[in-house]
Amino acid sequence: MKISFRKRGVLIFLIGVLLTGCAGSPSMLAPHGAEAARVAWLTWFMFAIAAIVLIVISVLLWKAYQRSQREVGEEDLYGNDRSTLRNVVVGGGAVPIVVLLVVMGLGIGIERANNPLNASSNHQIDIEVIGHQWWWEIHYSNENFDTANEIHIPVGQPVTIHVTSADVIHSFWVPELHGKIDLIPGQTNTITLEADQAGVYRGQCAEFCGAQHAHMIFLVVAEPADEFAAWVDTQSKAGVEPEVGSLEQEGQQAFLGSACVYCHTIEGTNASGKVGPDLTHLASRYTIGAGVLPNTPGNLAGWIINSQSIKPGNRMPPMDLSAVQVQALLAYLATLK
Ligand code: CUA
C-alpha cells in the first residue's frame, strides 16, 4: 500500500494535533515534585522499552515479508526446527520475563520511595481529605480547621494526605505532584505530596463518581513557608464580625436566616451545617463549586441563585432571595477572607 504525499501530510498534522493534548498544565510529564518525578521517569522508561520492542518487531516483520516475496523452498521459509524453537523460547519467553521483572521491580521501588510506610511520623503536616459528590472536604489535623477544594502546602516540605470518602469511591490526583490514590468509604489511604516550586497545581477526581465527576476539581497551592504559615494562621481563626447596621451585617442576617445554615459552617456564627463546604474563609479561595468557576462576585451570585444551572445534580438547591438580599449576601461573603 502506498500512502500519497498529501495523505502523509494530513496524518502527520493530525498526530501533531493529538500530541498537543499532552502538553500544558496539568501534565504528569512535567513533574514539580520528587514523587511525581519518579512516576514520570518510570513512564519514560516503559515508553523506551515499548519503543524498542516496536522497532524490533517491525524489523522482523519486514524481514519476514521480504523473505515471503522471494521464490524459496518450504525449508528455507520456515527455517529449521531448532532455530524456530530458540526464537520462541528467547523472544517469547525469556526476554518478556526479564523485561516484566525489571519493570515490576522498579515499580515496587518507586512505590516504596513515594509512600514511606510511616510517612506521618517524620512529616510535620497532616491533611485529611474527604471526598463528597462532588467536592473535597479538607481538614488540617494539627491546626484543627476545615476548608474545601483548596489545599495549601509549603514548598519543599513533604506533607501527608489521608484520604477517605463520605459516599462513593473517588480518586485524588495532582498529576504534577504525585500519582493517584483512591478515596474509599470506610477506609483511609495515605499519600505524600511535595512541591519543589511555588505555584498552583490543579487536582482532579480520577475515578468516575457520578454526573459531575469531571467537575470535581481542587487546587494545591504551594507557597513559601512564611506565606503558608500566614495562611494557616488566618484559616484557624473565625471570621471578623460585620459592623452593626452595615450592608455586610444585613448579608449575615440573610445568610443565618435562610436555608444556608443547614448545610454550611461559618466559624463564629450559628451556621454549622456539614453537608456542604465550610465557608469560614470562602473569600480567600480561588474558585467556587469545586473548581468550576473563578471566585468572583458575579459567579458567586449566579451560584447562590441557581447553582443547578452551573453544575446540575449538585446538592445545593436554588435560593429564593431578592436582589437586595443577594447584594447584601455578596458583601458579607466578601468579608470571609
Ligand atoms: Cu469524585 Cu470522580
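Two strands are taken to pair if DSSP finds at least two bridges between them, and in this predicted model that condition is met by strand S6 (residues 170-173) and strand S9 (residues 199-205), which are joined by two bridges and run antiparallel. Within this arrangement, Trp173 stands opposite Gln204 in S9. Both strands belong to an open sheet of five strands, whose order is S4-S10-S9-S6-S7 and whose pairing is mixed. Strand S4 (150-154) and strand S7 (180-183) stand at the edges of the sheet with a single partner strand each, so one side of each is left without a neighbour in the sheet. From one strand to the next, the twist averages 25°. Helix H6 (residues 225-235) lies across S4 and strand S10 (217-223), and the helix runs at about 135° to S4.

The domain assignment divides the protein into domain 1 (31-114), domain 2 (126-235) and domain 3 (247-333). The centres of domain 1 and domain 2, taken over C-alpha atoms, are separated by 38 Å, and eight residues of domain 1 are in contact with 12 residues of domain 2.

Empty space was examined next. Rolling a probe the size of a water molecule over the atoms shows where such space is left. Two cavities of 30 Å³ or more are counted. The largest cavity holds about 80 Å³ of space, and its lining residues include Trp135, Glu137, Asp146, Lys274 and Asp278. Strand S2 (135-140) and strand S3 (145-148) are the elements that give two or more residues to this lining, which by class has two nonpolar, four polar and four charged residues. Because domain 2 (126-235) and domain 3 (247-333) both give residues to the lining of the largest cavity, this cavity lies between them. The second largest cavity, with a volume of about 40 Å³, is lined by residues among which are Gly239, Gln252, Ile266, Tyr332 and Leu336, and its lining divides into five nonpolar, four polar and two charged residues.

The second largest pocket contains about 570 Å³ of space. Of the 31 residues that line this pocket, His264, Gly276, Pro277, Trp303 and Met316 are the closest to its centre. Helix H8 (260-263), strand S11 (287-288), helix H9 (297-306) and helix H10 (323-333) each give two or more residues to the lining of the pocket, with the largest share, three residues, coming from H9. This lining comprises 21 nonpolar, seven polar and three charged residues, and at least three residues are drawn from each of domain 2 (126-235) and domain 3 (247-333).

Key:
Residues are numbered from 1 along each chain as its sequence is written. This is a predicted model: local features need pLDDT of at least 70, side-chain atom pairs count only at pLDDT 80 or more; totals for chains, interfaces and linings use all residues. Side-chain values use heavy atoms; hydrogens and water are left out. Helices (H or I, at least four residues) and strands (E, at least two) are DSSP runs, numbered from the N terminus. Axes are lines fitted to C-alpha atoms, for helices over the stretch in contact, and angles run from 0 to 180 degrees between N-to-C directions. Contact means heavy atoms within 4.5 Å. On a 1 Å grid over the protein atoms alone, a cavity is a set of points where a 1.4 Å probe fits but cannot get out, and a pocket is an open set with protein on both sides within 12 Å along at least five of seven lines; lining residues have an atom within 4 Å of a point. Grid points are joined across faces, edges and corners, and a volume is the space filled by probe spheres set on the points. Ala, Val, Leu, Ile, Met, Phe, Trp, Tyr, Cys and Pro count as nonpolar, Asp, Glu, Lys and Arg as charged, and the others, Gly among them, as polar. Domain bounds come from an automatic or database domain assignment.
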